[in-house]
Amino acid sequence: MKDKVKMLILLCFFSSCSPIPKLNIRNIESPQNVFKEKNKTTYIKNIKWWEGYNDLCLNNLVEIILENNKTIEVAILNQDKAQEILNYTRGINGPDISLNGDFKRNRLNFMDKKLADNKTILNINTLAFSGNYTIDFFGKLDALENEVKYQIEAENQKKEYVKLDIVTKTINLYGYWNYLQNEQKNLNKQKIIINQLYKLKNLKVNLGSGIIDEVIKFQDMVINNQIAIDTNKKEQKIIENSLNALGSFKENNSIQKILSQSKNFDILKNKKTPQTISSESIIERPDLKYYISIINSQTEKIKSLKTDFFPKIILNGELGYMAPSKQDFFSKLYLNGFLSPSIYLPILQGGRIESNYRIAGIDLNIFIEEYNDAIFQAFKNVDNNLLEVKLQKQIVDNTKSILKSHRDLFSRNKKRLEIQTISQEELLESELSLYTLILKEEYEYLNLFNKNLSLLNSLGGTYGS
């Protein structure tokens, strides 16, 4: 009979260790394999990548916004939350010890009375420490802790992604602000020239040598010029409000002071255009680093779930006093305790454990495919942005060439006016055309600045050199 019981126990033990299903884990794409680069370029990894613009006002503006932005504060709180989850995980993985106490008053039956000196009522006072500890033979506790550590890394990368987005928006607004300053000056100069031409055209009509259609044309130009000036002022105010919002409206005066000091149009010109991009730059993107951390975290989760297929050994113990009266409470006579191991066998839980394990494997494959898709999207964005930058650089060069021709033409026209081969009116028209082209060149520089910024953003703040 005893042999049968032993065989039954052994059968239950081994049957509880159900076979671990094999998970078909997808392959993680490597940027080097996706991006077949012939001429590998280096990259600059700079935490404060915006300092590459060499603009003190921009540096101060970015620091103010990063310090006060609410979206970044939420990201930091999520980091703190993840750290506390790690502390909690470490806590629950330790021994569970508790202090218990109770008082019982029992009425005794006839047989118990004889054992208790014919007492009808028996009081029992109990105060004891009890605890249990799961012996981790298969590394479950380490896997759970590592899972949370990778989650902390993921939250760090989410914060870096938020910072990248906020800084990109700030630089975009700052570049547009500097363009608007030059646009305002240009429009005011155009206003003076248009008004002079309008007066000359009107005078010629009054003298009988002009065309009324020309007067109407320049009258419309006066109105359109004023609309452009008013729009410029409105855009400046929108930028100021947008920057204040990024800074949570805490440092409005400081932001306004920085903008008033910023007169650096050259910031739109000082970024070099790379010819190629290294795959090393791509892997610095915080969104890709986030997915890698999530994949690592899920891998650790699978390790912890894998241990559920095996038996668990738990140590249980108790030490304390059980006395009939308070006076005898801490007497050695009534000190009791025990220490005993117990084995948990997942005999009827195999289906649930296997499903959880397979679900975790599917989740891991989802994260891997999301990462792979992010890799492809990253290269698409970088390639497209690089093409946009190169094309815009050609547009800027062509505009500069056209502008140079008009500058030379204006210089010749000034000499022609001196020898009276052209009129003052013709010279003013030539000057107006020149200022129009100057504004177009500055606008194309703004487009190049924004496309370079988009390229920087798609590289996660790194830049090919």
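**Entry 1: a loop residue**

In which loop is F249 found? I looked it up in the model, which is a predicted one, and F249 turned up in the loop between helix 7 (212-246) and helix 8 (252-261). I then checked its backbone. Phi of F249 is near 55°, a positive value, and the residue is not a glycine. I kept the usual rule in mind: most residues other than glycine have a negative phi. I also asked whether F249 is buried or exposed. At 52% relative accessibility F249 counts as exposed, because the cut-off for exposed is over 50%.

**Entry 2: another positive phi**

I went on to Q420, which is not a glycine either, yet has a positive phi of about 60°. Where does Q420 sit? I found Q420 in the loop between helix 11 and helix 12 (424-458), and that positive phi comes just after helix 11. With 70% relative accessibility, Q420 counts as exposed.

**Entry 3: two helix lengths**

Next I took a ruler to helix 11, residues 350-418. I worked from 1.5 Å a residue, so the 69 residues of helix 11 should span 102 Å. The C-alpha atoms at its ends are 100 Å apart, which agrees.

I did the same for helix 10, which runs over 286-306. Its 21 residues should span 30 Å at 1.5 Å a residue, and I found the end C-alpha atoms 30 Å apart, so here too the two values agree. I also noted which residues of helix 10 are buried; among them are P286, D287, L288, I294, I295, Q298, E300 and L305.

**Entry 4: aromatic pairs**

How many aromatic pairs does the structure hold? I counted seven. I picked F309 and Y357 for a closer look: the ring centres are 5.4 Å apart and the planes stand at 90°, so this pair is edge-to-face. F309 belongs to the loop between helix 10 and strand 4 (312-323), while Y357 is part of helix 11, so the pair ties together parts that are 48 residues apart in sequence. Both partners are under cover: F309 is buried at 1% relative accessibility, and Y357 is buried with a relative accessible area of 6%.

I wrote down a cluster as well, in which ring pairs link Y176, Y179 and Y443. Another ring has a charge for company: K269 lies over the face of Y445, 4.9 Å from the ring centre.

**Entry 5: salt bridges**

How many salt bridges does the structure hold? My tally came to 22. I started with E145 and K149, whose closest N and O atoms are 3.5 Å apart. The two are four residues apart in helix 6 (residues 140-207), so about one helical turn separates them. This fits what I know of helices: an α-helix has 3.6 residues a turn, so residues three or four places apart point the same way. K149 counts as partly exposed, at 35% relative accessibility.

Then I looked at K201 and E425, a salt bridge with the closest N and O atoms 2.3 Å apart. K201 lies in helix 6 and E425 in helix 12, so this pair ties together parts that are 224 residues apart in sequence. Are K201 and E425 buried or exposed? I found both of them buried.

I also noted E235 and K234, whose side chains meet in a salt bridge of 3.5 Å, N to O. Here E235 is buried, with a relative accessible area of 19%, just as the cut-off of under 20% requires. K234, in turn, is partly exposed at 44% relative accessibility. Back at K201, I traced its partners further: salt bridges that share partners join K201, K204, E214, E425 and E429 into one network.

**Entry 6: L456**

I stayed with helix 12 and looked up L456, which is found there. L456 is buried, at 2% relative accessibility. How far apart are L456 and V382 in sequence and in space? They are 74 residues apart in sequence and 8.8 Å apart in space, C-alpha to C-alpha.

**Entry 7: a surface patch**

Last, I went to the surface. Which residues form a nonpolar patch there? I noted I97, L99 and F129, with about 340 Å² of accessible area together. L99 is found in strand 2, residues 96-107.

Note on methods: Residues numbered from 1 in each chain as written. Predicted model: local features only at pLDDT ≥ 70, side-chain atom pairs only at ≥ 80, totals over all residues. Heavy atoms only, no water. Patch = residues over 30% accessible without salt bridge, like charges linked within 9 Å, V, L, I, M, F, W, Y side chains within 5 Å. Areas by Shrake-Rupley, 256 points an atom, 1.4 Å probe, with all protein chains shown as cover. Salt bridge = Lys/Arg side-chain N within 4 Å of Asp/Glu carboxyl O. Phe/Tyr/Trp six-rings, centres within 6.5 Å; stacked < 30°, edge-to-face > 60°. Buried < 20%, exposed > 50% of the residue type's maximum accessible area, 1.4 Å probe, protein only. Lys NZ or Arg CZ within 6 Å of the ring centre and 35° of its normal. Expected span 1.5 Å × (residues − 1).
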